[in-house]
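Please open the model in your viewer and keep the sequence panel beside it, since the tour moves from one selection to the next.

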Amino acid sequence: MTDNWERMKAQILSTWGDLDESEMKKARGNLGQMVNLIHSQTGEDRQVIMRKMSAFL
């Protein structure tokens, strides 16, 4: 995730546009933290988030 951060960030924001970019920077490169951040801000199931994120990789 670290190598392609800008591309990933754009895809994450297009999918979950409500995310705070400063919070995203804290989770940069850590898939588990990013999933937890998205879950905490959207309430979406972690497994669903993981499937969507896997499609970005």
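This is a predicted model, and the tour begins with the contact in which R7, M8, Q11, I12 and T15 of helix 1 meet K52, M53 and F56 of helix 4. Colour these residues by character, and they divide into four nonpolar, two polar and two charged.

Next, select the whole of helix 1, residues 5-15, together with helix 4, residues 46-56, and look along the pair. Helix 1 and helix 4 pack at an angle of about 140 degrees, with their axes 10 Å apart. Angles over 145 degrees would count as roughly antiparallel, and helix 1 and helix 4 are therefore oblique to each other. The crossing of these two helices, helix 1 and helix 4, is right-handed.

Keep helix 4 selected and replace helix 1 with helix 3, which spans residues 31-42. Here the angle between helix 3 and helix 4 is about 125 degrees, and their axes lie 10 Å apart, which makes helix 3 oblique to helix 4. Turning to handedness, one finds that helix 3 and helix 4 also form a right-handed crossing.

To see what makes this second contact, show the side chains of L31, M34, V35, N36, I38 and H39 on helix 3, and those of R46, I49, M50 and M53 on helix 4. The residues of this contact between helix 3 and helix 4 comprise seven nonpolar, two polar and one charged.

As a last stop, centre the view on M53 of helix 4, which takes part in the contact with helix 1 and also in the contact with helix 3.

Notes
Residues numbered from 1 in each chain as written. Predicted model: local features only at pLDDT ≥ 70, side-chain atom pairs only at ≥ 80, totals over all residues. Heavy atoms only, no water. Axes fitted to C-alpha atoms, helices over the stretch in contact; angles between N-to-C directions. Helix = DSSP H or I, 4+ residues; strand = E, 2+ residues; numbered from the N terminus. Parallel < 35°, antiparallel > 145°, perpendicular 65-115°, else oblique. Left-handed = near helix turned anticlockwise from the far one by under 90°. Contact = heavy atoms within 4.5 Å. Nonpolar A, V, L, I, M, F, W, Y, C, P; charged D, E, K, R; others polar.
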